[in-house]
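Biologist: Got a minute to go through this one with me? Put it up on the screen and I'll ask as we go.

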Amino acid sequence: EAFFWAKYLASEIRKLAPEVVLVAGGYHATLYEEDFLKHSPFDLAVISEGEAALSKILEIVDEEEREPRITRMARIREAIAQGSLTNVVYRDGSEIKKTGKTAGDINAKSMSVYGDMSGKVRLHVLLESAGCPWGKCHFCVHHHLEPEYLRRKVEKIVEEIRVMREQGIGLFRFAGSDTPPEFGSAIARGILDSGMRVEYAMGSRAVRGAKHPEVFSDLVDKYSLMIQSGLRAVFMGGETGHDVIN
């Protein structure tokens with residue numbers, strides 16, 4: 001459904017503004033790559049890590065305000081040939097091509113700057129990790145999106161929380177698919193040591209061996225620390241690739 005409406009919107013924009021370069025991104029583009037462009041009117045798509053690629057594309061297309069789309073696309077292809085633009089699928093005449101994938105630095109993520117938030121819930125989605133530490137579910141898309149499980153440095157997470165609090169936000173949702181208790185407790189210690197008061201939620205998986213007293217006791221200690229630091233909700237999904245169970 002989302003893909004249907006994205007294609008419809010792109011087609012309408014093309015009618016109204018034919019010289020606009022149409023760029024797609026997200027799960028559809030990352031998972032289907034060349035097939036995504038075969039079945040849509042977009043000029044190119046950003047796949048996998050998108051921040052650096054999109055920034056470079058914007059830099060290229062903004063050089064001349066009234067430049068024809070064909071010229072902008074030629075400059076984009078030139079940047080690809082020079083190796084300064086990766087993580088894209090693009091049109092080259094009648095062919096659809098793709099560049100290599102480059103993993104971004106999880107510790108060099110840009111931070112959001114919020115404007116007027118009147119009438120909005122002051123919630124910030126914070127990237128504390130990417131990928132999945134389990135990585136063994138055959139039906140999962142994570143291994144297509146991230147080559148490995150990546151944890152952000154605790155000091156970077158705490159710094160982002162501080163910057164968001166200065167913008168009036170104290171409620172956070174960790175974006176990672178799984179925040180293991182040992183990592184969550186390290187973040188909790190960083191928050192407590194900073195003296196900041198926040199509330200946050202996270203996703204987590206069941207912990208192997210939790211039925212054993214020593215593992216259970218350690219889990220209780222870690223979750224107690226997280227609750228003390230502001231943890232208020234944990235999302236745990238019972239996921240399966242079996243259609244009947246779903």
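Biologist: Let's start at the end of a helix. Which residue follows α5, and is its phi positive or negative?

Modeller: Gly83 follows α5, and its phi is positive, near 85°. Keep in mind that this is a predicted model.

Biologist: Noted. What end-to-end distance should α5 have, and what does the model give?

Modeller: The helix covers residues 69-81, which is 13 residues. At 1.5 Å a residue the expected span is 18 Å. The end C-alpha atoms are 18 Å apart, so the two agree.

Biologist: Which residues of α5 are buried?

Modeller: Arg72, Met73, Arg75, Ile76, Ala79 and Ile80. They cover an arc of only 160° around the axis, so they sit on the same side of α5.

Biologist: Why would residues three or four places apart point the same way?

Modeller: An α-helix has 3.6 residues a turn, so that spacing brings the direction round again.

Biologist: And which residues are exposed on the other side of α5?

Modeller: Ile70 and Ala81 are exposed there.

Biologist: What do the buried residues of α5 pack against?

Modeller: Two strands and a helix: β2 (44-46), β3 (88-92) and α4 (51-61).

Biologist: Take α4 then. Which of its residues are buried?

Modeller: Ala53, Ile57, Ile60 and Val61. Their arc around the axis is only 90°, which puts them on the same side of α4.

Biologist: What do those pack against?

Modeller: The buried residues of α4 pack against β1 (23-24), β2, β3 and α5.

Biologist: New topic. Where is Val234?

Modeller: Val234 is in strand β10, residues 231-235.

Biologist: How does Val234 count at 33% relative accessibility, and why?

Modeller: Val234 counts as partly exposed, because 33% falls between the 20% limit for buried and the 50% limit for exposed.

Biologist: Which residues does Val234 contact, leaving aside its neighbours within four places in sequence?

Modeller: Met202, Ser204 and Tyr223.

Biologist: How far is Val234 from Thr179?

Modeller: Their C-alpha atoms are separated by 9.6 Å, and the two residues are 55 apart along the chain.

Biologist: Last one, the surface. Which residues form a nonpolar patch?

Modeller: Phe4, Trp5 and Tyr8 do, with about 380 Å² of accessible area together.

Biologist: Where does Tyr8 lie, and how does it count at 45% relative accessibility?

Modeller: Tyr8 lies in helix α1, residues 2-16. At 45%, Tyr8 counts as partly exposed.

Notes
Residues are numbered from 1 along each chain as its sequence is written. This is a predicted model: local features need pLDDT of at least 70, side-chain atom pairs count only at pLDDT 80 or more; totals for chains, interfaces and linings use all residues. Side-chain values use heavy atoms; hydrogens and water are left out. Helices (H or I, at least four residues) and strands (E, at least two) are DSSP runs, numbered from the N terminus. The expected span of a helix is 1.5 Å times one less than its number of residues. Buried means under 20% relative accessible area, exposed over 50%, partly exposed in between (1.4 Å probe, protein chains only). The arc is that of the directions from the helix axis to the C-beta atoms. Contact means heavy atoms within 4.5 Å. Patches are made of residues with over 30% relative accessible area and no salt bridge: like charges are joined within 9 Å, nonpolar side chains (Val, Leu, Ile, Met, Phe, Trp, Tyr) within 5 Å. Accessible areas come from the Shrake-Rupley method with a 1.4 Å probe; for residues, only the protein chains shown count as cover. A salt bridge is a side-chain nitrogen of Lys or Arg within 4 Å of a carboxyl oxygen of Asp or Glu.
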